[in-house]
2 protein chains.
Amino acid sequence: MTEPTETARPPMRWLDDIEVGFAWEGRPIAMDEAAIIAFAKLYDPQPMHIDPEAAAKGRFGTVIASGWQVAALVMRDYVETSPFGDLELLGLGLDDLAWSEAVRPGDTLVARREIVEARPSRSKPDRGVVRIAVTVTNQHDRTVMRYVNAIQMFRKPE
Amino acid sequence: MTEPTETARPPMRWLDDIEVGFAWEGRPIAMDEAAIIAFAKLYDPQPMHIDPEAAAKGRFGTVIASGWQVAALVMRDYVETSPFGDLELLGLGLDDLAWSEAVRPGDTLVARREIVEARPSRSKPDRGVVRIAVTVTNQHDRTVMRYVNAIQMFRKPE
């Protein structure tokens, strides 16, 4: 485990603090076969994720990680490297999620995030929505997953 | 656990078999506090998900489930109630995911799915994309999560 990326800036705690264009990188996420199989047995029990023998004969040649496992590990990394201090990250939703490449045992992933929008709410003046574009690449610099995440953030009290 | 919804139809194994408008319901998904905390400790370790005392003083009053846990449990239910037989469900992506309501200990969720599109690929004539609109409601019939899932499906070999 490496330490979180040093951002050398105070945490952005309020919508008013958000700097559109701010980008940061997560920690390396190492994928191993046992963890891929363990997650999938609980949440995505398909042969391509849980059965190395079946997977060896299948279209990918190895087990591949459930896309939901990748998403969950990226969420943990997000909590661990958040530029928002100890602010709770309340996800409102996601857009344009693509699982564009198989994730295999031995892969190491990195998530890169960029704040692409910070918009006050029209109906609730005390809060707003921050959108963060997330791109997850593997050790070959291929994008394995991407999405845009919307989180809720409050405005600084007057 | 109830049995999967009886669809009284042969599984749709190929893109050519897909019936747009076909809808099915999953099994009840019971949420309990221990499982909410266990998942979040691994993948979304924020006080609102893992610390009942902190959560009691927070905006929700109880721990709430990580949205990623709800998504993962809905994936398991999808595998268990698939109308596609033993076909592997290869997710290409998601659109318009919204976590619209907190999920709490004691909640029981149900996923309803409807096939909204089946489209052959322009570049790869042996396959196509099937889109499935997923709506997850709680015991009060409030929608807690929704998204549109795109999966890859092959055409029937000639």
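In this predicted model, chains A and B meet through 25 residues on each side: 25 of chain A are in contact with 25 of chain B. Three elements of chain A each put at least two residues into the side that touches chain B, namely helix H2 (47–50), helix H4 (67–80) and strand S3 (90–99). The biggest giver is S3(A), with nine residues. Sorted by class, the residues on this side of chain A come out as 16 nonpolar, four polar and five charged.

Now for the strands. S3(A) pairs across the interface with strand S3 of chain B, which also covers residues 90–99, and four bridges join the two. These strands run antiparallel. To pick out one spot along the pair, Leu97(A) stands opposite Leu94(B) in S3(B).

Then there are the helices. The axes of H4(A) and H4(B), the latter made of residues 67–80 of chain B, come within 10 Å and cross at roughly 170°. Because angles over 145 degrees count as roughly antiparallel, H4(A) is roughly antiparallel to H4(B). On the chain A side, the residues that meet the other helix are Trp68(A), Ala71(A), Ala72(A) and Met75(A). Their partners in H4(B) are Trp68(B), Ala71(B), Ala72(B) and Met75(B). In terms of class, this helix-to-helix contact has eight nonpolar residues, with no polar and no charged ones.

H4(A) shows up again in the core. The largest nonpolar core has 68 residues, and the ones with the most contacts inside it are Val70 and Val74 of chain A together with Val70 and Val74 of chain B. Take Val70(A): leaving aside residues up to four places away in sequence, it touches Ala65(A), Val103(A), Leu109(A), Val136(A), Val144(A) and Met145(A).

Stepping back to chain A as a whole, there are four helices and six strands. Going along the sequence, they follow the pattern β-β-α-α-α-α-β-β-β-β, with two strands before the helices and four strands after them. The C-alpha trace of chain A spans about 60 × 35 × 25 Å along its principal axes. Of the 158 residues in chain A, 33% are buried. As for how the chain folds back on itself, take the contacts in chain A between residues at least 6 apart in sequence: 67% of these join residues at least 24 apart.

Conventions. Residues are numbered from 1 along each chain as its sequence is written. Chains are lettered from A and ligands numbered from 1 in the order in which they are written. This is a predicted model: local features need pLDDT of at least 70, side-chain atom pairs count only at pLDDT 80 or more; totals for chains, interfaces and linings use all residues. Two residues are in contact if their C-beta atoms, placed from the backbone, lie within 7 Å. Ala, Val, Leu, Ile, Met, Phe, Trp, Tyr, Cys and Pro count as nonpolar, Asp, Glu, Lys and Arg as charged, and the others, Gly among them, as polar. Two strands pair if DSSP finds at least two bridges between them. A residue is buried if 20 or more other C-beta atoms lie within 10 Å of its own, exposed if 12 or fewer, and partly exposed in between; C-beta atoms are placed from the backbone. Axes are lines fitted to C-alpha atoms, for helices over the stretch in contact, and angles run from 0 to 180 degrees between N-to-C directions. Angles under 35 degrees count as roughly parallel, over 145 as roughly antiparallel, 65 to 115 as roughly perpendicular and the rest as oblique. A nonpolar core is a set of buried Ala, Val, Leu, Ile, Met, Phe, Trp, Tyr and Cys residues joined through C-beta atoms within 7 Å.
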